[in-house]
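Biologist: I would like to go through this complex with you, taking the nucleic acid first and the protein partners afterwards. Could you put the model up, so that we can work from it together?

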2 protein chains.
Amino acid sequence: MAAPTRKFSRIQPEMRREHLVEATLRCLAEHGHAGVSVRKIAAAADVSIGLINHYYPSIDQLISHAYETLSGGIANGLLEASESGVGPRDSLSRFIQESFGPAVLNPDMLGVWVVFWSMVRHSADMQAVQQRTYGQYRQVLERHLAALARDNNLTDINIQAAATALNALLDGLWLTWCLNPQNFSVEDGVAMCEGWVDAFAAGAFLPRLKV
Amino acid sequence: MAAPTRKFSRIQPEMRREHLVEATLRCLAEHGHAGVSVRKIAAAADVSIGLINHYYPSIDQLISHAYETLSGGIANGLLEASESGVGPRDSLSRFIQESFGPAVLNPDMLGVWVVFWSMVRHSADMQAVQQRTYGQYRQVLERHLAALARDNNLTDINIQAAATALNALLDGLWLTWCLNPQNFSVEDGVAMCEGWVDAFAAGAFLPRLKV
DNA sequence: CGCTCTCTTGTACGAATGTTCAACAAGAGC
DNA sequence: GCTCTTGTTGAACATTCGTACAAGAGAGCG
């Protein structure tokens, strides 16, 4: 009578890992820190509890892998967006626009990042991922800022510090907005960042950021 | 022979609450999210497990109280520091200096704030504390920035957006530094913020931040 | 001194946690 | 069609969690 329903299906390890990471991110976005749970993630991925530990010896490694995946995805999005610009000034505008896009600026995401940050201090793996991805972000900004400085005949400026500042402004606005989206509008956020880049191009930061 | 050692001592409710909050902050700084534990906090405060629940019906309320205490303390420190300045420009410098002082810029603190932020989304109490304290920070910045704008004959500038941006720059640098203190030096951090204020005073943001 | 109030203690309980492991079954290879 | 590999399952374990609650003990007051 009842057809013997398939109890589970096999998937290639690579696919399964991707599948688990995706479920992890969904779980963290929904439950925040409470989502760091083998059982909750297993339920979100619709697999058994044991399968998680089959692929990841400990749950920390799954979280770490999810961190790397999310960071890499966003870094790629920002890189692609900025590369599509014509000239450094336009590239920076696209970087800013993408930073305030729905994929990045999302209150649900705050719950995810907060989990990651909380683990950076106690996990060497997470520290490594953090440093690598932060380096990626800043490197992209440094390249465009350096080109912009050259275009505007700005010399002896500390590009690394400038990229750090712009990145911090973006991060700070992101954090502020995620904690309470009513703090400011997306347009104002973009305007504040664009204003910073304009000021940079005009040499407004030169006196403080000499190399 | 052995003197009957006192098993515990009574303290006035107000003092006890302060004592518990202090232990909570120490616990969060040391253990991060794992520090959100009645047992760990009780051990840190050297009291019994039950006493926590005597003063706080649920642990969330203790965390919320700790959030309010820490935020209020830092807000007071920043307010006092900035009030000691002569004129708006100096006040802002002192605000910046204090923001990069050891009481605020401390990697241990990141673990504490991360716990608070993670609870903001799911707790109305925490949301209320967040909005109140963020308003305090920004209000102080708005006052000094408005005075500085007046001194420099800048009109029709969106002071609220400017305060948001400066606050975000401070927060973003704080976050970046706490995640990895080797990202930049404190002096560079101060320089980037001072540079932003200089650019603001020079009217560099006027085109983007018209009211 | 003794009474009383309540601050404080510590056990108890059910629920949820991460990890382990033996058993099952899907699907490729022959 | 059979075998074998291994992806997958789910029960079991010790641990930790937050909260409840009855009993104990400090300290002020009569």
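Biologist: How many nonpolar, polar and charged residues does the surface near DNA strand C have?

Modeller: Since this is a predicted model, the numbers are computed from its atoms. In all, 25 residues surround DNA strand C, and the closest include Arg10(A), Arg39(A) and Arg16(B). Divided by class, the surface near DNA strand C has 10 nonpolar, 7 polar and 8 charged residues.

Biologist: Which element gives the largest share of the surface near DNA strand C?

Modeller: Two polar contacts with the backbone of the strand are a useful start: a polar side-chain atom of Arg16(B) lies 2.6 Å from a phosphate oxygen of DNA strand C, and an N or O atom in the side chain of Tyr55(B) is 2.6 Å from a phosphate oxygen of that strand. The elements that give two or more residues to this surface are α2 (38-45) of chain A and α3 of chain B. The largest share, 5 residues, comes from α3(B).

Biologist: Which residue has a side-chain N or O atom 2.8 Å from a base nitrogen of DNA strand C?

Modeller: Sugar and phosphate account for 55% of the atoms of DNA strand C that come within 4 Å of the protein. The contact you ask about is to a base nitrogen, and the side chain that places an N or O atom 2.8 Å from it belongs to Arg10(A).

Biologist: Turning to DNA strand D, what percentage of its atoms within 4 Å of the protein do sugar and phosphate account for?

Modeller: DNA strand D is surrounded by 25 residues, with Arg10(A), Arg16(A), Tyr55(A), Arg10(B) and Arg39(B) the closest. Among the atoms of DNA strand D that come within 4 Å of the protein, the sugar and phosphate part is 54%.

Biologist: Which residue uses a polar backbone atom to approach a phosphate oxygen of DNA strand D?

Modeller: Side chains make two of the phosphate contacts, with a polar atom of Arg16(A) at 2.5 Å from a phosphate oxygen of DNA strand D and an N or O atom of Tyr55(A) at 2.7 Å from one. A polar backbone atom is 3.1 Å from a phosphate oxygen of DNA strand D in the case of Ile59(B).

Biologist: How much area do chain A and chain B bury between them?

Modeller: The size of an interface is often given as the accessible area lost when the parts come together. Here, 46 residues of chain A are in contact with 46 residues of chain B. On the side of chain A, Arg121(A), Leu179(A) and Arg208(A) supply 17% of the area buried against chain B, more than any other three residues. Carbon and sulfur atoms hold 64% of the total that the two chains bury between them, which is about 3,700 Å².

Biologist: Which residue of chain A forms a salt bridge with Arg121(B)?

Modeller: Between chain A and chain B there are 4 salt bridges, and the count of residue pairs in polar contact, both at pLDDT 80 or more, is 9. In the salt bridge of Arg121(B), the closest N and O atoms are 3.0 Å apart, and the partner is Asp108(A).

Biologist: Which element gives the most residues to the side of chain A that touches chain B?

Modeller: The elements that give two or more residues to this side are α1 (13-31), α6 (107-120), α7 (124-151), α8 (159-179) and α9 (186-201) of chain A. Its residues divide into 21 nonpolar, 15 polar and 10 charged. With 12 residues, the element that gives the most is α8(A).

Note on methods
Residues numbered from 1 in each chain as written. Chains lettered and ligands numbered in written order. Predicted model: local features only at pLDDT ≥ 70, side-chain atom pairs only at ≥ 80, totals over all residues. Heavy atoms only, no water. Near = heavy atom within 4 Å. Polar contact = N/O pair within 3.5 Å; in protein donor to acceptor, adjacent residues only side chain to side chain. Contact = heavy atoms within 4.5 Å. Buried area = accessible area lost by both parts, 1.4 Å probe. Salt bridge = Lys/Arg side-chain N within 4 Å of Asp/Glu carboxyl O. Helix = DSSP H or I, 4+ residues; strand = E, 2+ residues; numbered from the N terminus. Nonpolar A, V, L, I, M, F, W, Y, C, P; charged D, E, K, R; others polar.
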